[in-house]
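Welcome! Take a moment to look over the sequence and turn the structure around before you read on.

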Amino acid sequence: MKHKVSFELELKKHDYPGKFIVLEGIDAAGKTTHSFELVDKLKREGHKTVYTKEPTDGEIGRLIRQVLVENIKVPPVALQYLFCADRAVHQEKIISYLKKGHTVISDRYFWSAVAYGIADLSGVMDYYLTVYSVLSFYNQFISPDFTFFLDVEVDEAVRRIKKSHEHREIYDDRDKIIKIKDSYEKLINMFPEEFIVINANKPIDAVSKELLEQMRRKI
Ligand SMILES: Nc1ncnc2c1ncn2[C@@H]1O[C@H](COP(=O)(O)OP(=O)(O)O)[C@@H](O)[C@H]1O
Ligand SMILES: [Mg+2]
């Protein structure tokens with residue numbers, strides 16, 4: 001039986017005194033490098049700032065990493081539920097800091113899960129249906145004040161991954177990276193007001209400078 005269902009998606013903004021900033025991007029875009037650096041810079045300027053990430057270091061986050069790193073086969077939707085469960089726990093921590101007026105810098109947040117979810121589900125479901133079904137979880141979560149998308153070319157990301165042997169994140173095969181980048185690009189086109197795109201191909205110092213300038217403009 002066919003049912004026509006439509007819904008509006010409202011990304012929930014918070015009104016806590018702190019600021020919630022997220023860094024997104026494909027593997028080796030520089031999220032961790034720049035999250036640490038931002039935290040450091042803001043702290044030195046006297047702002048109370050905290051670093052956090054997804055998947056978290058909590059029980060559910062560790063389970064997600066195990067599933068991904070060991071390539072355990074689980075249905076993509078199961079992984080999405082795990083990400084949501086991890087985020088539900090993570091959100092309590094984020095909110096507790098925002099209430100105290102901290103700036104919270106998160107190394108990945110829900111857009112990562114959406115981008116990876118789309119990449120996993122593409123071919124299985126219609127694209128828009130996939131986006132909406134994946135995003136339908138997200139009204140439970142506060143959305144960031146700003147999401148910076150570190151935009152790096154796939155070849156540059158692959159060069160960085162090869163160069164830093166210790167750098168092995170969750171998804172590091174080239175075809176997968178191309179798919180993820182494509183998913184992010186589609187999301188940025190669909191939700192342009194949710195992302196601030198930063199050219200992350202430049203040297204670390206130049207990217208830092210641009211990030212900081214953009215932040216000051218916004219905060
Ligand atoms: N702008 C850049 N130019 C050159 N190398 C970079 C740049 N940004 C990050 N790197 C290097 O690339 C690797 C991955 O960076 P990382 O911050 O861990 O990326 P992510 O957290 O997005 O996966 C690290 O070895 C880091 O030093
Ligand atoms: Mg990282």
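Here is a short tour of the sheet, one of its strands, a pair of helices and a loop residue.

Please keep in mind that this is a predicted model. At its heart for this tour is an open sheet of five strands, in the order E2-E3-E1-E4-E5, with parallel pairing.

**The sheet**

- Strand E2 (49-53) and strand E5 (196-199) stand at the edges with a single partner strand each, so one side of each has no neighbour in the sheet.
- From one strand to the next, the twist averages 25 degrees.
- E5 pairs with E4 in the parallel sense over four bridges, and one pair of bridge partners there is Leu 150 with Ile 198 of E5.
- Helix H3 packs on this sheet, where it touches E1, E2 and E3. The direction of H3 makes about 170 degrees with that of E2.
- As a general reminder, strands of a sheet pair through backbone hydrogen bonds, either parallel or antiparallel.

**Strand E1**

- Strand E1 (residues 19-24) is largely enclosed by the rest of the structure, because six of its six residues are buried.
- Lys 19, Ile 21 and Leu 23 point one way from E1, while Phe 20, Val 22 and Glu 24 point the other way.
- This fits a general pattern: in a regular strand the side chains alternate between the two faces of the sheet.
- Five bridges join E1 to strand E3 (residues 103-107) in the parallel sense, with Ile 21 opposite Ile 105 of E3.
- E1 also runs parallel to strand E4 (residues 146-151), joined by four bridges; here Leu 23 has Phe 148 of E4 as its bridge partner.

**Helices H2 and H3**

- The axes of helix H2 (residues 59-69) and helix H3 (residues 76-99) come within 9 Å and cross at roughly 150 degrees. That angle makes H2 roughly antiparallel to H3.
- The crossing of H2 past H3 is left-handed.
- H2 brings Ile 60, Gly 61, Leu 63, Ile 64 and Val 67 to the contact, and H3 brings Leu 79, Leu 82, Phe 83, Ala 85, Asp 86 and Val 89.
- Sorted by type, the residues of this contact are nine nonpolar, one polar and one charged.

**A loop residue to find: Ile 26**

- Look for Ile 26 in the loop between E1 and helix H1 (31-44).
- Is Ile 26 buried or exposed? Ile 26 counts as buried, because it has 29 C-beta neighbours inside 10 Å.
- Ile 26 and Ala 157 are 131 residues apart along the chain, and their C-alpha atoms are separated by 7.8 Å.
- Leaving out residues up to four places away in sequence, Ile 26 touches Val 152, Ala 157, Ile 177, Ile 180, Lys 181 and Tyr 184.

Key. Residues are numbered from 1 along each chain as its sequence is written. Chains are lettered from A and ligands numbered from 1 in the order in which they are written. This is a predicted model: local features need pLDDT of at least 70, side-chain atom pairs count only at pLDDT 80 or more; totals for chains, interfaces and linings use all residues. Axes are lines fitted to C-alpha atoms, for helices over the stretch in contact, and angles run from 0 to 180 degrees between N-to-C directions. Helices (H or I, at least four residues) and strands (E, at least two) are DSSP runs, numbered from the N terminus. Angles under 35 degrees count as roughly parallel, over 145 as roughly antiparallel, 65 to 115 as roughly perpendicular and the rest as oblique. A crossing is left-handed if the near helix is turned anticlockwise from the far one by less than a right angle, and right-handed if clockwise. Two residues are in contact if their C-beta atoms, placed from the backbone, lie within 7 Å. Ala, Val, Leu, Ile, Met, Phe, Trp, Tyr, Cys and Pro count as nonpolar, Asp, Glu, Lys and Arg as charged, and the others, Gly among them, as polar. A residue is buried if 20 or more other C-beta atoms lie within 10 Å of its own, exposed if 12 or fewer, and partly exposed in between; C-beta atoms are placed from the backbone. Two strands pair if DSSP finds at least two bridges between them.
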